[in-house]
Amino acid sequence: MIYSDFTQSMILAELEDAVGRENCSEKPVDKITHSVDYFWLPRMWSDRGYNMPQADVIVSPKNASEVSKVLQIANYYKLPVTTWGGGGGTQGGAIPVCGGILLDTKRMNEIYDINEKGMYIECGTGAIYKHIEWAANERGYATMHYPSSLTCSTVGGFLAHRGIGVVSTKYGKIDDMVLQMEVVLPNGDIIETSPAPKHAAGPDLNQIFIGSEGTLGVITKAQMRIYDEPEERRFRGFLFHNMTDAFNAGRELLQKFKPSVMRLYDEAETSTLIKKIVGVAKPGAFMNVAIEGVSDIVAVEEKILLDTFAKYGAEDLGSEYGEKWWKEKITFFYPGHMMDLPQMFGTMDSIAPYDKIEKIYWAMKEAIETNFPMARFIAHFSHWYEWGAMIYDRFIVDDVPKDPHEALRLHNAIWNCGVRTAIANGGVVNDHHGVGIKLGRLMKEQYGPAMQVFEGIKKSLDPNGIMNPFKLGL
């Protein structure tokens with residue numbers, strides 16, 4: 001709906017009354033800043049001199065009460081609301097494609113409690129995750145959530161996209177780390193999920209809102225688990241002759257115990273990034289494994305690790321390479337190491353059970369390199385479970401069309417090819433970066449008639465369709 005200048009001023013006055021005039025902005029610089037996240041397309045679009053869709057107003061509430069007031073105003077006037085955390089997402093989930101209100105959560109950054117008996121931190125979801133990690137460290141604990149965007153993304157951002165960190169094989173994804181949440185529904189009602197995440201009192205409400213990418217409401221507060229710092233953390237680097245042996249070794253190990261890190265790089269990535277940053281110069285597929293916890297248990301697990309991997313012909317590289325990988329784990333994403341403009345690139349993190357994961361890897365590699373010879377395909381396998389693993393599969397294009405519309409078409413065509421290949425071979429659209437606007441068109445292809453479950457929840461909670469429209473395929 002298009003409103004006159006007078007009506008827009010009246011709406012702005014209501015929003016200022018809800019959160020304070022100083023916490024509402026119509027400044028062009030703020031609108032531009034909140035129109036581009038880390039998704040390649042908006043970065044390219046802006047780099048080529050084009051404007052991305054912008055919000056009409058940036059609103060920064062302090063707590064659930066203020067969020068509730070904003071959503072009530074938005075529902076009355078049927079204004080789109082897009083939630084923004086740190087802006088580090090790669091899927092365009094925070095881009096205000098329909099204008100309206102952009103709800104910046106970073107004022108909701110209070111740490112309310114560090115509960116050592118309950119082993120959790122209660123905090124506002126606008127807190128940068130590194131800040132709650134520091135708060136835990138001061139008490140001798142750790143959050144065990146260490147993604148590459150730890151220092152620039154919020155608690156709410158990770159919850160909204162079901163994020164994951166490098167020690168996930170032992171500690172799980174973000175949905176394994178949250179106990180209870182406070183959520184503001186689209187109509188302004190403030191609810192709390194159950195005080196324990198594992199129960200038989202109906203479906204777990206946490207799991208309805210985690211991964212919903214702001215389409216069903218706004219998560220405003222969360223209780224995040226904390227853990228004792230491990231008594232010891234040991235690293236071990238290995239070089240496998242082929243990917244099949246590496247997959248089989250990883251699967252067998254996960255039936256015996258859970259290391260904190262298992263990171264397998266294909267030969268293409270081993271010969272580039274791993275060679276450059278970690279120093280592994282031999283041909284093969286490099287895997288770094290970390291084991292942590294009580295020292296006596298770590299020693300036993302290390303023996304099991306060595307015995308298991310020896311069965312599959314893995315060359316034991318000792319601890320040096322593994323320790324260097326841990327030290328440099330964020331360096332992989334720094335300028336000079338990470339792909340960046342003017343290159344075109346994307347990470348199609350696919351996930352599947354063990355009986356499908358290697359097939360998906362080879363099928364995606366062949367599909368992309370055959371149909372798009374200008375693209376390189378590299379991959380590593382970052383997160384492992386007892387039942388399967390995920391592929392951090394990337395394409396890189398150096399010779400990018402100069403016309404932004406043609407660049408957009410090529411980008412989307414490569415994504416369509418890669419993700420459809422994964423789905424056709426038993427994979428899922430995405431593991432932990434989320435869907436956003438980048439992959440929304442593929443959700444119905446993934447779920448078919450089951451998509452009506454998501455659509456039904458959306459229609460019930462958000463009948464006016466104001467919450468983050470055109471994201472998550474909704």
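Let me start with one residue, Thr105. Leaving aside its neighbours within four places in sequence, Thr105 is in contact (heavy atoms within 4.5 Å) with Thr83, Trp84, Gly85, Thr125 and Gly126. Before going on, what you see is a predicted model, in which local features need pLDDT of at least 70 and side-chain atom pairs count only at pLDDT 80 or more, while totals for chains, interfaces and linings use all residues. Residues are numbered from 1 along each chain as its sequence is written, and side-chain values use heavy atoms, with hydrogens and water left out.

Back to Thr105. It sits in the loop between β4 (101-104) and β5 (111-115). For the element names, helices (H or I, at least four residues) and strands (E, at least two) are DSSP runs, numbered from the N terminus. Thr105 is buried, at a relative accessible area of 4%. On that scale, buried means under 20% relative accessible area, exposed over 50%, and partly exposed in between, with a 1.4 Å probe and protein chains only.

One of the contacts of Thr105 is Trp84, so take that next. Trp84 belongs to strand β3 (residues 81-84) and is buried as well, with a relative accessible area of 4%. Which residues does Trp84 touch, not counting those up to four places away in sequence? The list is Thr33, His34, Ser35, Val36, Asp37, Ala94, Leu102, Leu103, Asp104, Thr105 and Lys106. For a distance across the chain, the C-alpha atoms of Trp84 and Leu264 are separated by 33 Å, with their positions 180 residues apart along the chain.

Ahead of β3 there is a loop that starts from α4 (64-77), and Leu79 lies in it. Leu79 is buried, with a relative accessible area of 11%. Beyond its neighbours within four places, Leu79 is in contact with Tyr3, Ile11, Ala74, Ile101 and Ile466. Take Ile466 from that list: Leu79 and Ile466 are 387 residues apart in sequence, yet 6.0 Å apart in space, C-alpha to C-alpha.

Another pair is Pro28 and Gln54, 26 residues apart along the chain, with C-alpha atoms separated by 9.2 Å. Pro28 is in helix α2 (residues 28-33), and at 58% relative accessibility it counts as exposed.

Now the whole chain. Its secondary structure comes to 17 helices and 19 strands. How does the radius of gyration of the chain stand against that of a compact globule? With 474 residues, a compact globule would be near 23 Å, and the chain has 23 Å, which agrees. That radius is taken over C-alpha atoms, and the globule rule is 2.2 Å times the number of residues to the power 0.38. Along the principal axes, the C-alpha atoms fill a box of roughly 75 × 55 × 40 Å. Of the 474 residues, 58% count as buried. Among contacts with a separation of 6 or more, 73% come from residues 24 or more positions apart.

The chain exposes about 19700 Å², and carbon and sulfur atoms supply 53% of that; areas come from the Shrake-Rupley method with a 1.4 Å probe, and for residues only the protein chains shown count as cover.

Next, one helix: α14, residues 354-371. Its 18 residues at 1.5 Å each should span 26 Å, and the end C-alpha atoms are 26 Å apart, which agrees. The expected span is 1.5 Å times one less than the number of residues. Buried residues in α14 include Tyr354, Ile357, Glu358, Tyr361 and Ile368. An α-helix has 3.6 residues a turn, so residues three or four places apart point the same way. The cover over the buried residues of α14 includes α10 (243-254), β17 (350-353), β18 (375-381), β19 (388-397) and α15 (404-424).

Last, some backbone details. Leu341 and Pro342 are joined by a cis peptide bond, with omega about 15°. Pro342 lies in the loop between α13 (320-327) and β16 (344-347).

Two residues other than glycine have positive phi: Glu213, near 55°, and Phe470, about 70°. Are they buried or exposed? Glu213 is buried, with a relative accessible area of 4%, and lies in the loop between α9 (205-209) and β10 (218-225). Phe470 is exposed, at 56%, and is found in the segment after α17 (451-461).
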